[in-house]
Protein chains: 2
Amino acid sequence: MAEKYIYGFMKSKSEMPDVDKPKYILGGKGFSLVGMVELGLPVPPGFVISIGMCEYFYNNGKKYPEIFEKELKEYISLLEGETGKKFGDPKNPLLLSVRSGAAVSMPGMMDTVLNLGLNEETLNGLIDKSGNPRFAWDSYRRFIQMFGNVVMGIEHEKFEGTLEEVKQENAVEADIDLDVDALKEVVKRYLNLYETELGEKFPTDPMDQLKKGIDAVFGSWNNPRAISYRKINKISSEISGTAVNVQTMVFGNMGDNSGTGVAFTRNPSTGEKEYYGEYLMNAQGEDVVAGIRTPKHLNDLEKEMPEIYQQIKEIFTVLENHYKDMIDLEFTIEEGQLYMLQNRVGKRTGKAAVKIAVDMVGEKMINKNEAIMRVDPNSLDQLLHPMVDPKADKEIIATGLPASPGAVSGQVVFTADDAVSWKEQGKDVILVRTETSPEDIEGMNSAQGILTARGGMTSHAAVVARGMGKCCVAGCSEIAINEESKTMHVGKDVDLEEGDWITLDGSTGDVFKGKVQTVDPELSEDFETLMAWADDVRTLKVRTNADTPADAKIAREFGAEGIGLTRTEHMFFQEERIFAVREMILSDTKEQRVKALSKIEKMQQDDFEGIFEEMDGLPVTVRLLDPPLHEFLPHEDEDIRSIAKEMGVEYEELKKRKEALAEFNPMLGFRGCRLGMVYPEITEMQVKAIINAAVEVTKKGVKAIPEIEIPVTSHVRELEILRDVTVKTADEILKAAGEIGKKVSYTVGTMIELPRACVTADEFAQHADFFSFGTNDLTQTTFGYSRDDAGRFIVKYIELGVYENDPFQVLDQCGVGEMMKMAVTKGRSAKKSLEIGICGEHGGEPESVKFCHRIGLNYVSCSPYRVPIARLAAAQAALEK
Amino acid sequence: MAEKYIYGFMKSKSEMPDVDKPKYILGGKGFSLVGMVELGLPVPPGFVISIGMCEYFYNNGKKYPEIFEKELKEYISLLEGETGKKFGDPKNPLLLSVRSGAAVSMPGMMDTVLNLGLNEETLNGLIDKSGNPRFAWDSYRRFIQMFGNVVMGIEHEKFEGTLEEVKQENAVEADIDLDVDALKEVVKRYLNLYETELGEKFPTDPMDQLKKGIDAVFGSWNNPRAISYRKINKISSEISGTAVNVQTMVFGNMGDNSGTGVAFTRNPSTGEKEYYGEYLMNAQGEDVVAGIRTPKHLNDLEKEMPEIYQQIKEIFTVLENHYKDMIDLEFTIEEGQLYMLQNRVGKRTGKAAVKIAVDMVGEKMINKNEAIMRVDPNSLDQLLHPMVDPKADKEIIATGLPASPGAVSGQVVFTADDAVSWKEQGKDVILVRTETSPEDIEGMNSAQGILTARGGMTSHAAVVARGMGKCCVAGCSEIAINEESKTMHVGKDVDLEEGDWITLDGSTGDVFKGKVQTVDPELSEDFETLMAWADDVRTLKVRTNADTPADAKIAREFGAEGIGLTRTEHMFFQEERIFAVREMILSDTKEQRVKALSKIEKMQQDDFEGIFEEMDGLPVTVRLLDPPLHEFLPHEDEDIRSIAKEMGVEYEELKKRKEALAEFNPMLGFRGCRLGMVYPEITEMQVKAIINAAVEVTKKGVKAIPEIEIPVTSHVRELEILRDVTVKTADEILKAAGEIGKKVSYTVGTMIELPRACVTADEFAQHADFFSFGTNDLTQTTFGYSRDDAGRFIVKYIELGVYENDPFQVLDQCGVGEMMKMAVTKGRSAKKSLEIGICGEHGGEPESVKFCHRIGLNYVSCSPYRVPIARLAAAQAALEK
């Protein structure tokens, strides 16, 4: 079979393959170039050597088919015909660029060689043609450098070192200050360097240059960086190689009627339908990027070169109509002639993405489902929180992890108590801590935002702040806090003290000095429209994690369809409550414990009533006490003394009891259902509070749907035993409540957050009405990572390319995901109707949400501010099916 | 189909079902009774109501088939015919016992009702017959109590309370002191109690009593205790019910020509072929057990009742020939007439088990494979360690967990340093600690034994002690240590101080005051014979966990076929080494670290040379550094100061660096391969030490087979990257070693000890020469338990019947085992030849060893002293197939 290996993109021969996915033959870049020629747009002519050739190359010991060289020459001569130039002609040389281009964008492969075809002879032609010897010599030295480095593998530093020498000898600072003679010297030394390094002369034959260039592009497909990139990004084996794009050079720096620019068919920042772009006359693409000269706004081109402007406008329309999307393009004007060098779908802000998608449906360019697919769910995050005003003056003093989005300003305080008291005085504060602990909760709640020096994206500060919808920058290692003197040291030379103003951007992790202007989010009509379309197509339900009526309210406004996780322990940290909780923990006898529990019960019931009222008619999953008891323990001696007094025991005895509760690995210790197994009275108290709350609100006509959830189960007997305790306690209350009791129905289920629960999920399903994956803990135990300690090496692992994302942020589908799949399959094999959700942090992360859809979960649950993100991701997952 | 429900065991009708497994029809007890009748032995006649009837009962709403009552009456009249007594006859009443009996022994079901058939009238018959009114009245009151409690469910305490009242009223202490009148009073009150509790009169009709008794036995099959017992013990549904055994009562307390006894066909303690047993004249079984009177040795019966003695001897022969095993039996002599009440395979010590099994092969009673199956592998433990002399005078002052077997005496010391210095003075010491940490290693090594107040069977003390083959009692909560005053408080009233002698029994957990005589183990010829037979049949290899040449030597003598785990970190705790290790950990730069590592390298190499020499020709798996770095950190300020001085850094700085290394959950923190990923120089150092050691010993003609093992992997890229580091380092050394280098071959593999490694084992297999399951860590992460913290609730869980055994001791086959199976299947799917072993603590536990055989592992690895146990378990597993 005579396979075709070369595809032209020139007027005389434009060859779009007649297949479903031409990108898999031409690569992304080649596809856009052939596409533009097909659309009749002005493109410097060239051709694509197909991905098929790359496959052939690797399947045949890095050799080409015999016919290849002949074909290559044919296409070169077609190029020569079309441009009137000749490859290697000293008078009017055809110069080429050679680039790689796989079907998906793939950094790690060879990038670009420009000016291919230059040698001592053709250089003269370029000098004549441009009338600019400096330009020509500079082009030549760049070509030698690019070819030597990119194609032949000589270290970049060696060329830079040589260049530096000549600059020093000529006493100039910038490359641009080198004159023609100096550049000639550079070229001479580069050619020597090339010979010394490789033991052969620099190839002067353009065809030889081209063939080496093609070899290098194909070779780069399997260099270690590219292999590792594909592995990490799970680029499927369907993507089997790269294409090579060979294209005629055009120059925007040939004089005042030349130029170069970039443009967007709509405003990528706002989404408005307006032309948007920048250009520079007599310049190359690099100059626009380097920022040495200030580019002009595209509108100015209307006056400067009205015909070209008109032409670009028409091209905008052609491209948008063709690709049905906002397009970003690069163009070059060579001596009054416009050329398109590249186009691709344009990057945009979340706001712009929503507006463009909805507008295009209005313009009938795309349908609603396409609109849903057009918006990156993560980009919605920007829309839902205040942002630092992009126009404001500001000074970044440090950068940490973007732990919880939003932008806030406040006065620095260093303790939770100060946060509370300053707030009471009406001040806005930022709580700055080395790291937070559960004792800081009230302070965190009082603060506008939280800044920590230690801890990752799933540290205590980060998780709690996201739960509260509060701005947080975590793990900002540049700050050093002195809690005693109430000062902090930032980076090298900024010192701040209590009361100084700072501003946090929790979406970027930036910390600014002083009070920086922020802009509030506006939830546009477009946003509401898009979300309504998303809701129409998705099948995965979206719930929220909420511990207070206030959170529940926000989440419901954002479209939450219930609560997937209420952490009862988060209610425990208010002062009056923590006292009773500590009393409970430090009890030595069941009697002491029951007495303390009865104090807590009423408080919990009040909370649940508030939540049930907000969630009227929607399910509310309440997780029973989860964390290790000693998390609640007092640290201060005076606290221990006052509890001892209340309980009527000796201070020394209580202190000993407290110390005995310390654990080596609390995450794997006495927590979750293990508490209820040893102290069933704790479970009884919590169930009473939940069911009594349900009864109370039912009296007011509210529909409460409590789902009681047993955490940290690893053995089915734990579920069986605590389910019995729960049902017995609940049914007694409901029976006693008579007619009202009959209106309340509740379910009992379990968290699936330990590997053993996954592997025995069929047993669990027989005793559970629902499963809810706790993927934070499941990630911890599946990997054997403590989320509080793993920061140190996870950062290094991402650097080393072990994985692309922190598995606490983006669900590890291969490992943790396999566990989940197993649990779903086994669970449903035992109980077909089993309701299954997820309430870990991953429930608001789009890729993880899609995974949940694919493995058949019923719902995801996430923090209130991520509910819209999850809704959109769920819709996309449904459409991707 | 007319199913048969009742099977007689009497002379006139002895009905052994003609099926493969009559036990599944008759239950265990019924089977032994019918069997004895078939063998012509004297058995009080009776009948078995089959397990089939139990099934019918449950399948038909707790009703019996119509024919049942008729059949029952037929068998009663057969009994009457055989005994000449009549059921309910006031003159010569037939009295019966009713017992449950499933196919496997099942505590949790109904036990026994004796004297059924008694009422006010038949009582007179018993009085006449026995001539002993007190005996008859006491029998009657016991019957009411048993029937009321066991059959009708009245609380035991209520009967005991009533009895207590009467005793007080009569001013007597013991039951035995109640006279006939008092007993009549008891009967009266019992009958009242019965009526009050149940609202009905005590049944006087014997047939009514019998039917209620049968109902109760069948009912007890499904009482919660029994269900839970079956669930925990995974008693298959094949065992579908219990049988009911109805048997004529005989009495050993009818006078001086009556009696009762127990006997063994061989000595259950030594295994010698000699008659062994005890009896009491004019007594009931309870009297022998209660120990109020001292029983006589069976040999005395030869003089006392020579005919009976002769009869028993003959019965011994009949039973041994029939059952081909040592049998334990209960007999009663009623008025000169011998009756067999029960027989079963006799319990025996490990020593006896080995001797009996080997002797019986010599006697051609059984074959070698049967001999292998006859010995409980765990029982070998007693043979391999010194034991407390059973004859010695001794006072138990406390009991902890039997953490590492053996028996030792020594003087109490409270710190590792004291242990070392006392040992140097030639003293034998017991190291007593609240709990041990890695810093205590040298002290543990110097001590005869270790006693800890906290920590479970897999605590640091327990694990290290077992590795060292050193006696240890752990988690002995009755002791309270005051380290400052160097004293300890034991239980309520024993106080010990430094230098006092104590004795530990690590096989039972007992702690004795003073120096108690111990007896040394002798490895008999029989033991060697049995082990040789075992080795012939087993396919699973047995290796050892050993960190020193001394351990390796012992293990090899016990038959280890290689080392499955060398923990390099255990070598780090000697004083000179720990200093260098600390320097390494506290290094801030790679240079500092490399300098410190080079100090450690030579020491490690020496260790490895010693181990390779001992293991000449056998594989040695060396695990790279595993524990969290901060385990090695100095706690004392003076240590920090001297390290700071050595490193030339400030004390304050070093102290801060140390504090920064602390972790919340070290078990899930910066450890294992994560250390090598961040600091590859650590891996390089260790590989150098291993390979250089191999090269050195090869020069001496030793065959070293190093297997380098990467621990705590959860992602295949960790294995890939560290394998590369290992191979690069090793190959350089071997290349430099020339011809010697060519003789050394090594392999690289990984621990499988995290759930993610199991779930992605197919990926791991592509880069591993071998897998070794680390089931300690795998149990921790699969359950989400920290072995150091779980003691608190695991004890409670075992109490609650969640599981029968601590999963750190006996492999959790359903959960952790499923993970392992998955890893084996996935691993071998990617690499068929993959070698797989286990080196967790479970590798020496028989049930776990058998599981490893079943899932296709190549070897298990265990502490030296458990190697013979594993060999025998492996042989049994092969035979069980």
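The following exercises, each with a worked solution, concern a predicted model.

Residues are numbered from 1 along each chain as its sequence is written, and chains are lettered from A, with ligands numbered from 1, in the order in which they are written. In this predicted model local features need pLDDT of at least 70 and side-chain atom pairs count only at pLDDT 80 or more, while totals for chains, interfaces and linings use all residues; side-chain values use heavy atoms, with hydrogens and water left out.

**Exercise 1. Describe the sheet of chain B that contains strand 9, and identify its edge strands.**

Step 1. Strands are DSSP runs (E, at least two residues) and helices are DSSP runs (H or I, at least four residues), numbered from the N terminus. Two strands pair if DSSP finds at least two bridges between them.

Step 2. Five strands of chain B make an open sheet with antiparallel pairing, in the order 9-8-7-10-11.

Step 3. Strand 9 (296–297) and strand 11 (337–345) of chain B each have a single partner strand and stand at the edges, so one side of each lacks a neighbour in the sheet.

Step 4. Strand 8 (residues 276–281) of chain B is joined to strand 9 of chain B by two bridges. Within this antiparallel pair, Glu278(B) has His297(B) as its bridge partner.

**Exercise 2. Determine which parts of chain B the salt bridge of Asp328(B) and Arg344(B) ties together.**

Step 1. A salt bridge is a side-chain nitrogen of Lys or Arg within 4 Å of a carboxyl oxygen of Asp or Glu. The side chains of Asp328(B) and Arg344(B) satisfy this at 3.3 Å, N to O.

Step 2. Asp328(B) belongs to strand 10 (residues 327–334) of chain B and Arg344(B) to strand 11 of chain B, so the pair ties together parts that are 16 residues apart in sequence.

Step 3. Buried means under 20% relative accessible area, exposed over 50%, and partly exposed in between (1.4 Å probe, protein chains only). Asp328(B), at 9%, is therefore buried, and Arg344(B), at 43%, is partly exposed.

**Exercise 3. Examine two further salt bridges of chain B, those of Glu195(B) and Lys742(B).**

Step 1. Glu195(B) pairs with Lys201(B), their closest N and O atoms being 3.3 Å apart. Glu195(B) is partly exposed at 33%, whereas Lys201(B) is exposed at 61%.

Step 2. Lys742(B) pairs with Glu739(B), with the closest N and O atoms 3.0 Å apart. These two residues are three apart in helix 28 (residues 738–743) of chain B, which means that about one helical turn separates them. Both Lys742(B) and Glu739(B) are exposed.

Step 3. Over all chains, the count comes to 116 salt bridges.

**Exercise 4. State how strand 29 of chain A is covered and how its partners run.**

Step 1. Of the six residues in strand 29 (residues 747–752) of chain A, five are buried, so the strand is mostly covered.

Step 2. Strands of a sheet pair through backbone hydrogen bonds, either parallel or antiparallel.

Step 3. Strand 28 (residues 705–710) of chain A runs parallel to strand 29 of chain A, with four bridges between them. Glu709(A) has Gly749(A) as its bridge partner in strand 29 of chain A.

Step 4. Three bridges connect strand 29 of chain A with strand 30 (residues 770–773) of chain A, again in a parallel arrangement. Ile752(A) is placed opposite Phe773(A) of strand 30 of chain A.
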